[in-house]
Amino acid sequence: MAALERIAFLLERALAPSYRVKAFRNAAAALAALGPEQVAARARAGTLEAVRGVGPKTAQVAREALAGGVPAYLARLEGEAGRPAGGAGAALRALLRGDCHLHSDWSDGGGSIEEMGRTAAELGHEWAVLTDHSPRLTVARGLTARRLRQQLDVVAELNERWAPFRLLTGIECDILPDGSLDQEPELLERLDVVVASVHSKLRMDAPAMTRRMVRAVTNPLVDVLGHCTGRLVPDKRPESRFDAEAVFAACAGAGTAVEVNSRPERLDPPRRLLRRAVAAGVYFAVDTDAHAPGQLDWQILGCARAEECGVPPERVVTTWSAREVLEWTRTRRGPG
């Protein structure tokens with residue numbers, strides 16, 4: 001089961017198609033339901049493939065794992081995913097204690113809340129923030145106020161079992177064209193962390209986009225400005241145009257963090273803007289924007305860019321404890 005789940009994790013990390021990931025997760029669940037004795041007996045009899053949800057490739061992995069070795073497919077994926085110790089971003093990654101931006105299958109994620117939280121803890125985090133989408137992003141099954149309130153109850157129940165790891169409550173809230181937020185203010189006030197991002201009308205003219213973003217980041221309910229340019233690389237979607245100095249100055253003045261988004265297809269902000277944000281004196285959140293458990297391992301990509309651009313580790317909110325993060329979101333002041 002561990003081998004099949006690890007393969008699914010590594011495939012997610014590599015942005016493999018979701019059907020490939022599901023094949024290994026489904027096989028792990030199907031074999032787990034049989035129990036160890038039946039799995040071993042079927043492996044000896046050569047009938048693993050007869051189990052619904054198990055195919056030739058997943059059965060081969062199971063047989064090789066049962067034989068006591070590392071399955072060849074898993075070994076290949078581990079080799080492709082390997083990173084040398086002390087490589088780019090390693091120093092900052094070692095300081096990280098949390099992740100402010102992750103999604104579950106309550107919106108457009110591929111993992112349950114429990115899977116996402118458990119994986120974050122397994123990666124060494126002390127905390128993480130669940131930030132499913134807000135309601136107007138219907139393509140991502142954004143959470144209505146009613147569903148978000150239900151989710152808060154689920155998170156509270158999980159946290160009773162997970163201590164000392166803590167899953168903080170949050171949202172990735174759409175910044176609407178006029179700079180207002182896509183959720184009830186009273187409900188946003190209840191959340192631990194609010195990430196605000198632009199997802200619509202990305203081609204607005206620069207002055208209008210600047211006003212839109214400045215209004216959002218100076219809203220006391222907003223804690224993190226998510227993927228600020230909205231770009232997708234390579235050459236899939238250009239950056240939104242806005243006055244970066246004005247937006248980053250507003251973030252610095254309001255104590256709002258600028259996200260260093262670690263998704264390989266985002267890597268947002270670009271290096272030139274990340275250096276401007278450093279000069280502006282903002283806080284930063286190195287986040288994964290993970291939509292599946294394996295993607296929670298992407299923070300090293302953001303850490304490498306942050307180190308390259310001179311981001312001071314003490315200004316990275318994801319290096320702080322959960323208590324310090326909650327104090328910052330309440331007072332807009334960091335530790336010390």
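Contact here means that heavy atoms lie within 4.5 Å. With that in hand, let's walk through part of this predicted model, starting at helix 11.

Helix 11 spans residues 244-254, and its buried residues are Ala244, Val247, Phe248, Ala250 and Cys251. These residues sit on the same side of helix 11, because they cover an arc of only 155° around the axis. What covers them includes helix 10 (206-217), strand 4 (224-225), strand 5 (257-261) and helix 12 (271-280).

Now look at the two ends of the helix. At the N-terminal end, Asp243 acts as a cap for helix 11, with a side-chain oxygen 3.1 Å from the backbone nitrogen of Glu245. Just after helix 11 comes Gly255, which takes a positive phi of about 75°.

Follow the chain onward and you reach strand 5. Five of its five residues are buried, so strand 5 is largely enclosed by the rest of the structure. Both of its faces are covered: Val258 and Val260 are buried on one side, and Ala257, Glu259 and Asn261 on the other.

Strand 5 also has partners. It runs parallel to strand 4, and two bridges join them; Val224 has Ala257 of strand 5 as its bridge partner. Together, strand 4, helix 11 and strand 5 form a right-handed β-α-β unit.

The path then carries on to strand 6 (residues 283-287), which pairs with strand 5 in the parallel sense over five bridges. Here Val260 finds its bridge partner in Val286 of strand 6. Strand 5, helix 12 and strand 6 make up a right-handed β-α-β unit.

Note on methods
Residues are numbered from 1 along each chain as its sequence is written. This is a predicted model: local features need pLDDT of at least 70, side-chain atom pairs count only at pLDDT 80 or more; totals for chains, interfaces and linings use all residues. Side-chain values use heavy atoms; hydrogens and water are left out. Buried means under 20% relative accessible area, exposed over 50%, partly exposed in between (1.4 Å probe, protein chains only). Helices (H or I, at least four residues) and strands (E, at least two) are DSSP runs, numbered from the N terminus. The arc is that of the directions from the helix axis to the C-beta atoms. A polar contact is a pair of N or O atoms within 3.5 Å; within protein, one must be able to donate a hydrogen and the other to accept it, and residues adjacent in sequence count only if both atoms are side-chain atoms. Two strands pair if DSSP finds at least two bridges between them. A crossover is right-handed if, with the strands pointing away from the viewer, the path from the first strand over the helix to the second runs clockwise.
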